[in-house]
Amino acid sequence: MVFDRLISDGSWSHVDLVKYLASEATTLSDIEIKRLRETAIFTKEGEEPRLREINKPSGMLDSDGRPIMEKQTKKVYKRYRAGDLFAPTDIVRDLNLPTIYWTRMPRWRPESGEAKFLERLGLNIKPPLAS
């Protein structure tokens with residue numbers, strides 16, 4: 001499943017996942033959309049990852065035929081639900097609201113399929129009005 005690629009081995013970013021899911025949006029069931037709305041998938045702009053050391057097989061075996069493990073440092077980002085974040089716009093940044101991290105390429109376009117899909121998942125598009 002695509003979640004496994006995103007979270008377990010980090011081969012996909014949440015931007016890659018959104019691009020893929022937006023292209024498949026018409027095939028997603030209401031249950032799948034609900035799960036996506038409730039799952040912390042997205043990273044926040046400006047938040048640094050924590051570093052975690054992991055052991056991975058080096059591809060070589062020791063004299064007993066067991067895999068030789070090597071230590072690697074992995075970046076681990078805190079994840080958020082779409083509804084906890086705001087679209088990456090200048091006004092949102094000026095107000096210091098929690099902003100979804102989005103890459104420079106493709107850059108954020110409010111009218112894009114990805115933006116519309118994220119809005120469907122609950123991404124906040126406009127800052128709240130003060131009461």
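**Exercise 1.** Place Ser29 among the helices, then say how accessible Ser29 is and how far Tyr80 lies from Ser29.

Solution. Step one: Ser29 belongs to the loop between α2 and α3. Here helices (H or I, at least four residues) and strands (E, at least two) are DSSP runs, numbered from the N terminus. Before going on, please keep in mind that this is a predicted model, where local features need pLDDT of at least 70 and side-chain atom pairs count only at pLDDT 80 or more, while totals for chains, interfaces and linings use all residues. Residues are numbered from 1 along each chain as its sequence is written, and side-chain values use heavy atoms, leaving out hydrogens and water. Step two: Ser29 has 32% relative accessibility and counts as partly exposed. The classes are buried (under 20% relative accessible area), exposed (over 50%) and partly exposed in between, with a 1.4 Å probe and protein chains only. Step three: from C-alpha to C-alpha, Ser29 and Tyr80 are 22 Å apart in space, and they are 51 residues apart in sequence.

**Exercise 2.** Describe the overall build of the protein, and explain why it is more spread out than a compact globule.

Solution. Start by counting elements: there are five helices and two strands. Read from the N terminus on, their order is α-α-α-β-β-α-α. Next comes the radius of gyration, taken over C-alpha atoms and judged against the globule rule (2.2 Å times the number of residues to the power 0.38). For 131 residues the rule gives 14 Å, and the protein's radius of gyration of 18 Å is well over that, so the protein is more spread out than a compact globule. The C-alpha trace spans about 70 × 35 × 25 Å along its principal axes. Buried residues account for 29% of the 131 residues. Finally, consider contacts (heavy atoms within 4.5 Å). Of those between residues at least 6 apart in sequence, 61% join residues at least 24 apart.

**Exercise 3.** Which members of the largest nonpolar core touch the most other members, and which helix gives the largest share?

Solution. A nonpolar core is a set of buried Ala, Val, Leu, Ile, Met, Phe, Trp, Tyr and Cys residues joined through side-chain atoms within 4.5 Å. The largest one has 23 residues, and those touching the most other members are Leu36, Phe42, Trp108, Phe117, Leu118, Leu121 and Leu123. At least two residues come from each of α2 (14–23), α3 (30–38) and α5 (113–120). The largest share is that of α2, with four residues. To see one member at work, take Leu118: beyond neighbours within four places in sequence, its contacts are Val18, Phe42, Ala82, Ile100, Trp102, Trp108 and Leu123.

**Exercise 4.** Compare Thr43 and Arg50: is each one buried or exposed, and how far is each from Tyr77?

Solution. First, Thr43 lies in the loop between α3 and β1, and with 7% relative accessibility Thr43 is buried. Arg50 is part of strand β1 (residues 50–61); its relative accessible area is 52%, which means exposed. Now the distances: Thr43 and Tyr77, 34 residues apart along the chain, have C-alpha atoms separated by 6.6 Å. For Arg50 and Tyr77, 27 residues apart in sequence, the C-alpha distance is 6.5 Å. Last, check contacts outside four places in sequence: Thr43 meets a list including His14, Tyr77, Tyr80, Leu85 and Ile100, whereas Arg50 meets Lys74, Lys75 and Val76.

**Exercise 5.** Is Phe86 buried or exposed, and what does Phe86 touch?

Solution. Phe86 is in the loop between β2 (67–76) and α4. Its relative accessibility of 10% makes it buried. Residues up to four places away set aside, Phe86 touches, among others, Val92, Thr99, Leu123 and Pro127. Phe86 and Thr99 are 13 residues apart in sequence, yet 4.7 Å apart from C-alpha to C-alpha.

**Exercise 6.** What is unusual about the phi of Asn96?

Solution. Most residues other than glycine have a negative phi. Asn96 is not a glycine, but its phi is positive, about 55°. Asn96 sits in the loop between α4 (90–94) and α5 and is exposed, at 68% relative accessible area.
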